[in-house]
Amino acid sequence: MTLSDLNTPDIDVDLLIIGGGLVGSVLAVALENTPIKTCIIDKGEDIDLSDADFDGRAFAISASNKNLLAAIGLWPVLEKDASPILEIRVSDGPSLLALHFDHKDVGDQPMGIMLENRHLRCALRDRLSSSQRARVLAPASVEALVNAPGGVQISLVDGRVVRAQLVVGADGRGSQTRAQAGIKLTRWPYPQTGIVCTVRHQRMHMNIAHERFLPSGPFAILPLTGDALGVQNRSSIVWTERADLAHVILDLDEDAFRSELMRRFGDFLGNIEIIGSRYAYPLSLQFAERFVDNRLALVGDAAHGMHPIAGQGLNMGLKDVATLAQVLAETYRLGLDIGGSQALSQYAKWRRFDHAAMLLATDMLNRLFSNDIAPVRIARDVGLAAVNAFPPIKNLFMRHAMGVSGDVPKLLRGQPL
Ligand SMILES: Cc1cc2nc3c(=O)[nH]c(=O)nc-3n(C[C@H](O)[C@H](O)[C@H](O)COP(=O)(O)OP(=O)(O)OC[C@H]3O[C@@H](n4cnc5c(N)ncnc54)[C@H](O)[C@@H]3O)c2cc1C
């Protein structure tokens with residue numbers, strides 16, 4: 001069967017992206033300056049971004065992914081809402097042995113930025129709604145997908161037919177695209193829940209991020225900018241708690257919740273006040289057996305989901321985007337098939353090591369630090385102090401977290417495709 005034997009498509013594009021979350025949307029924007037025509041479909045209704053709370057999440061975005069946002073033209077819109085991360089202080093419970101990263105040790109650029117989910121989503125939505133090259137269909141979902149030589153024909157539930165050379169699955173952790181392709185998933189849940197909220201504090205955060213390892217999991221205090229209502233001195237909290245205890249904590253009244261938070265936060269920023277709602281995210285680690293299939297590539301959480309201990313889930317997804325966009329743009333330029341096996345295996349090979357290393361690192365860190373076993377605690381504290389006292393190792397960690405080490409795709413260096 002060839003594509004011409006199938007129904008005449010209503011929409012004929014080079015690339016169909018299933019899932020218009022952050023990762024899928026950034027991919028469409030990244031390809032805007034290439035001749036590659038894209039279409040995104042998302043099952044979601046249009047979310048009301050005027051709600052200041054949205055889902056409470058704010059992301060630590062690495063320096064290299066900030067370069068990506070700049071290279072695709074989103075930075076001028078986002079800059080005012082982005083809070084630079086100048087230092088990171090890591091401590092193990094009450095131990096005095098700690099690890100301190102300062103951006104000045106590796107250059108003059110911040111190590112990363114903090115950006116609220118709602119700001120990034122708004123910027124992407126505005127950009128895509130005026131795009132000449134990327135089309136967005138939402139709400140929409142796939143009913144059937146037929147592979148044929150030279151492309152894929154996709155029937156949508158609403159009866160429309162899309163034809164593309166390549167399908168990208170960017171439909172998140174529960175990816176149906178991955179399941180329909182028969183790609184196996186390895187998954188184990190952590191007995192932990194991520195509690196997320198935003199606080200306002202008396203003193204300035206000085207753009208310092210704090211990560212405290214507590215027996216039930218990491219507790220992160222992440223610096224935000226002031227908000228549109230003029231509320232200054234804000235930080236985002238990602239508080240990992242035992243899953244059974246998290247429910248009890250989330251149900252506490254405001255005063256009791258605040259005092260539990262204060263016990264972990266401390267008083268170094270003065271008095272704190274919780275702004276807005278509390279959110280809960282069940283945590284798990286999962287990875288797809290492979291990231292490509294016949295005319296299919298997986299990106300973002302559809303390919304890999306990890307513990308937020310190092311704030312790397314979205315960062316990894318954006319690195320997938322930078323890599324795939326470069327491979328596709330170069331393949332197209334050479335007049336080759338963007339859905340062909342050569343392009344897909346180049347993408348999979350380029351990302352393989354980084355994925356495996358990051359999944360392993362986040363899982364090991366969580367296992368090592370989320371307990372209060374005395375010998376383990378002593379060993380890890382000595383480890384933290386040793387890394388802190390040895391600048392070459394410390395700088396290596398910093399460069400890796402900033403995403404500027406290894407074979408870095410063009411967009412992550414801030415260069416156009
Ligand atoms: C508490 C917490 C804190 C975090 N902090 C950080 C951080 O600081 N830094 C960081 O890098 N990462 C962080 N992460 C991870 C980050 O949130 C995710 O990695 C990222 O949001 C994944 O984006 P995505 O676009 O791949 O998937 P999603 O955001 O899940 O988007 C998937 C999209 O696909 C659509 N969809 C789903 N199924 C279908 C279908 N069948 N058809 C059509 N559309 C479909 C959905 O509607 C959605 O829009 C954190 C995660 C948590 C839980």
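**The ligand shell and the nonpolar core**

In this predicted model, the ligand is surrounded by 32 residues, and the ones that come nearest are Gly-19, Gly-21, Gly-172, Gly-300 and Gly-313. Sorted by class, the shell around the ligand holds 15 polar, twelve nonpolar and five charged residues. Several elements each bring at least two residues to this shell: helix 1 (22-30), strand 4 (58-62), strand 14 (185-201) and helix 8 (313-333). Helix 8 provides the largest share, with four residues.

Attention can now turn to the core of the protein. The largest nonpolar core contains 99 residues, and the most contacts inside it belong to Leu-27, Ala-297, Val-299 and Ala-325. Helix 8 is again worth a look, since this helix gives the most to the core, with ten residues. Which residues does Leu-27 touch, leaving aside those up to four places away in sequence? The partners of Leu-27 are Ile-17, Val-168, Ala-170, Val-299, Val-321, Leu-324 and Ala-325.

Finally, a step back shows the whole chain. The protein chain has eleven helices and 21 strands. Its radius of gyration is 22 Å, close to the 22 Å that the globule rule gives for 417 residues, so the chain is as compact as a globular protein of that length. Along the principal axes, the C-alpha atoms fill a box of roughly 70 × 45 × 40 Å. Of the 417 residues in the protein chain, 44% are buried. Among contacts between residues at least 6 apart in sequence, 76% join residues at least 24 apart.

Note on methods: Residues are numbered from 1 along each chain as its sequence is written. This is a predicted model: local features need pLDDT of at least 70, side-chain atom pairs count only at pLDDT 80 or more; totals for chains, interfaces and linings use all residues. A residue is near a molecule or strand if its C-beta atom, placed from the backbone, lies within 6 Å of it. Ala, Val, Leu, Ile, Met, Phe, Trp, Tyr, Cys and Pro count as nonpolar, Asp, Glu, Lys and Arg as charged, and the others, Gly among them, as polar. A nonpolar core is a set of buried Ala, Val, Leu, Ile, Met, Phe, Trp, Tyr and Cys residues joined through C-beta atoms within 7 Å. A residue is buried if 20 or more other C-beta atoms lie within 10 Å of its own, exposed if 12 or fewer, and partly exposed in between; C-beta atoms are placed from the backbone. Two residues are in contact if their C-beta atoms, placed from the backbone, lie within 7 Å. The radius of gyration is taken over C-alpha atoms; the globule rule is 2.2 Å times the number of residues to the power 0.38.
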